[in-house]
Amino acid sequence: MKKNKFSKNWIIKQKRDVYVKQSKIEGYRSRAVYKLQEINEKFKILKNGIQLVDLGAAPGSWSQFVVKNFKNTKIVLIDLKEIEKINDTHQIVGDFTDENQKKNIMDYFDGKIDAVISDMAVNTTGNKSIDSIVTGELSVEALNFSTDILKKQGCFVSKIFMGPSFNEIITIAKKKFKQVNVFKPPASRKDSKESFIICKQLR
Ligand SMILES: C[S@@+](CC[C@H](N)C(=O)[O-])C[C@H]1O[C@@H](n2cnc3c(N)ncnc32)[C@H](O)[C@@H]1O
């Protein structure tokens, strides 16, 4: 599909989308917030006092949701892009795959944390196979990082794509966590190959 036709279709979809409308009413920066809300409704991953890392956080709706709905949270957000300030969070602009950035995140917390949530995705190239492979690599990296930084009872949530890397991620996750679920929240677009992996309790 030509790029301008792709963009036109995207704008039409956005205008019709109930989640886009709702996010504007509720003051969230992205419709993606409802994916996290639906994941949390089903898997109860968030709580008051939670310490978490939000990977690939821009424009910031996931962290907005956590700050708005839970008390005494300690949150680090990281993204390649600058994120408009969200009160009571620590924001890092940088590449999560950079070892120095992983160290920066770990140094910010006193010890191990409760959750790593990742909605990281590469900028879409238009080639769904390439996008899903590269995003799959990011998920594996996030998964490995989560096992270094999470408490034993901790939780890892990540976007994954139905594609070549799907089985590999599930296999690694099952080796590292006792509970592994895959869930496509209703807010995730039906024509997207995206799903989420929800992992609890390190082995
Ligand atoms: C779908 S958006 C996240 C939306 C976000 N959850 C929200 O609710 O606003 C995916 C983000 O992942 C970021 N990203 C991709 N690769 C990254 C990397 N290596 N390090 C940090 N962020 C990355 C992109 O810049 C993009 O902003």
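Which residue forms a salt bridge with Lys-47? The views below, taken from a predicted model, start with that contact.

**View 1. Lys-47 pairs with Asp-114.** The two side chains form a salt bridge, with the closest N and O atoms 3.7 Å apart. The contact joins distant parts of the chain, 67 residues apart. Lys-47 lies in the loop between helix H3 (33-43) and strand S1 (51-55). Asp-114 sits in strand S4 (residues 113-118). Lys-47 is partly exposed at 44% relative accessibility, whereas Asp-114 is buried at 10%.

**View 2. A salt bridge connects Arg-189 and Asp-17.** The N to O distance is 3.0 Å. Here the partners are 172 residues apart, and each occupies a loop. Arg-189 belongs to the loop between strand S6 (177-183) and strand S7 (194-202). Asp-17 falls between helix H1 (3-16) and helix H2 (18-26). Arg-189 has a relative accessible area of 21% and is partly exposed. Asp-17, at 10%, counts as buried.

**View 3. Glu-141 and Lys-102 bridge two helices.** Their closest N and O atoms are 2.8 Å apart. Glu-141 is in helix H6 (residues 128-149). Lys-102 is in helix H5 (residues 99-108). The pair spans 39 residues. Glu-141 is partly exposed at 25% relative accessibility. Lys-102 is buried at 10%.

**View 4. Four residues share a salt-bridge network.** Lys-35, Asp-119, Lys-159 and Glu-194 are its members. Across the model, the count comes to 10 salt bridges.

Methods. Residues are numbered from 1 along each chain as its sequence is written. This is a predicted model: local features need pLDDT of at least 70, side-chain atom pairs count only at pLDDT 80 or more; totals for chains, interfaces and linings use all residues. Side-chain values use heavy atoms; hydrogens and water are left out. Helices (H or I, at least four residues) and strands (E, at least two) are DSSP runs, numbered from the N terminus. Buried means under 20% relative accessible area, exposed over 50%, partly exposed in between (1.4 Å probe, protein chains only).
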